[in-house]
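This report describes strand pairing in one protein model. The sequence and structure are shown first.

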Amino acid sequence: MASERVVRPQGFWTGNRFERGLEAAFVDGKLVELRPTVHKPDPVWISPPFANVHSHLEYRGLQSKIQSSNYWEWIRELTEKKASQDLDQVKADCILAAQENKATGVGLIGEHSDRPFSGAALAGVGIRGKIFQEVITFLESGSPAEKLALIKKKMEGQRAEVLAAGGGLRLMLAPHALYTVDEATLASFQPGAPSIHLAESPVENEYFESGTGPIAELYAKFQVQRNLSNRSAVREAVDIGVVGSGTQCVHCCAVSDDDIELLAQVGAVIAHCPRSNIALGCPPAPIEEMLAAGLKIGIGMDSPASSGEIDFFAEMRAVTGVSAEKIWEVGTTMGAATLGFSDWGVHDPETAADQPYIKIQSPALTVQELIEFGNPAQVEWL
């Protein structure tokens, strides 16, 4: 027998704002009607699930384990600790991180994956989205074919596990960053990669503009040769064709006004990871300017090794420079659009039954209060 449930929330998210004075009728967890009401609202809010547009589930076991607070030192320490991890434990970490994402209200994810466990973990809890199988080939610059074959094999194995666990995720190759992928492989992603870490810190600009800094030292250590461009990391990425329409550019902290304009011109999208940026001492990402330029932005919780506890409310609290309503839009509707889910959270009576929702038990009277005092324990899936 079908079970009907009527909820009268403080606000119901309809695309780019919370509508008030509505009640929602759900049958077996599916929205069947949204209608006006004169009844007093309950202390709850209804929203589409959050879109965690940039994630690394596999680093859950490194949460609170890396002490460096400088971007370059942190990433070198991460690389060292990652190499010593037990893969069975990493698999368990991915499952735990997927469960924690679900518990904090995440229904869509953009997952950067190196090891083959995240996809099945996400599919197992019913989170949809994309798996970006990371390509890192700078050490194989002279002949990357063998490494690429291994990465593709890893992706296909993960694809099979995703399908066995219920599906709902698309898998694709994606370069990790400009400086971690050889030039020929980067060129193969024209007219644009699906996702890439870009301009996360000034270190990238230092190398691409002048050939100096930690990246130059890393290349010298491993005898990596690269042609210098004498241009910003963003300009480099666009000019070589690795960033194009729909490319998810992750972080974009060390960007100029010209970089922002260029990203908007080519139709890129942005994954903003505020807690990670703060933890690693990266420049504040100018998201207000990015939005003003017409760029679509999503919120990513990045790696638990840098962002800490998996808590989407905490991530939203770290976003600055825009209104609470805009933060919610970036965390749901707009963020989902950056992953290619343009109808996520946009209420359409004809398709509403296919849209999942979460209920947030909160006495908050404003969206600002909802974000400020929100936590995963308040989330219930409808």
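In which sense, and over how many bridges, do β6 and strand β15 pair? The pairing of β6 with β15 (residues 358-361) is antiparallel and comprises four bridges. The model is predicted: local features need pLDDT of at least 70, side-chain atom pairs count only at pLDDT 80 or more, and totals for chains, interfaces and linings use all residues. Residues are numbered from 1 along each chain as its sequence is written, and side-chain values use heavy atoms, without hydrogens and water.

Strands are DSSP runs (E, at least two residues) numbered from the N terminus, and two strands pair if DSSP finds at least two bridges between them.

**Strand β6**

Within the pairing of β6 and β15, I46 stands opposite K359. Strand β2 (residues 11-13) also pairs with β6, in the parallel sense and over two bridges; here F12 stands opposite I46. In a regular strand the side chains alternate between the two faces of the sheet. In β6 (residues 44-47), V44 and I46 lie on one side and W45 and S47 on the other, and all four are buried (under 20% relative accessible area, 1.4 Å probe, protein chains only).

**The three-stranded sheet**

An open sheet has the order β1-β4-β5 with antiparallel pairing. Its edge strands, β1 (4-7) and β5 (30-36), each pair on one side only. The twist averages 20° from one strand to the next, with axes fitted as lines to C-alpha atoms and angles running from 0 to 180 degrees between N-to-C directions. In the pairing of β1 with β4 (residues 22-27), E4 stands opposite V27.

| Pair | Sense | Bridges |
|---|---|---|
| β2 and β6 | parallel | two bridges |
| β6 and β15 | antiparallel | four bridges |
| β1 and β4 | antiparallel | four bridges |

Terms used. Buried < 20%, exposed > 50% of the residue type's maximum accessible area, 1.4 Å probe, protein only.
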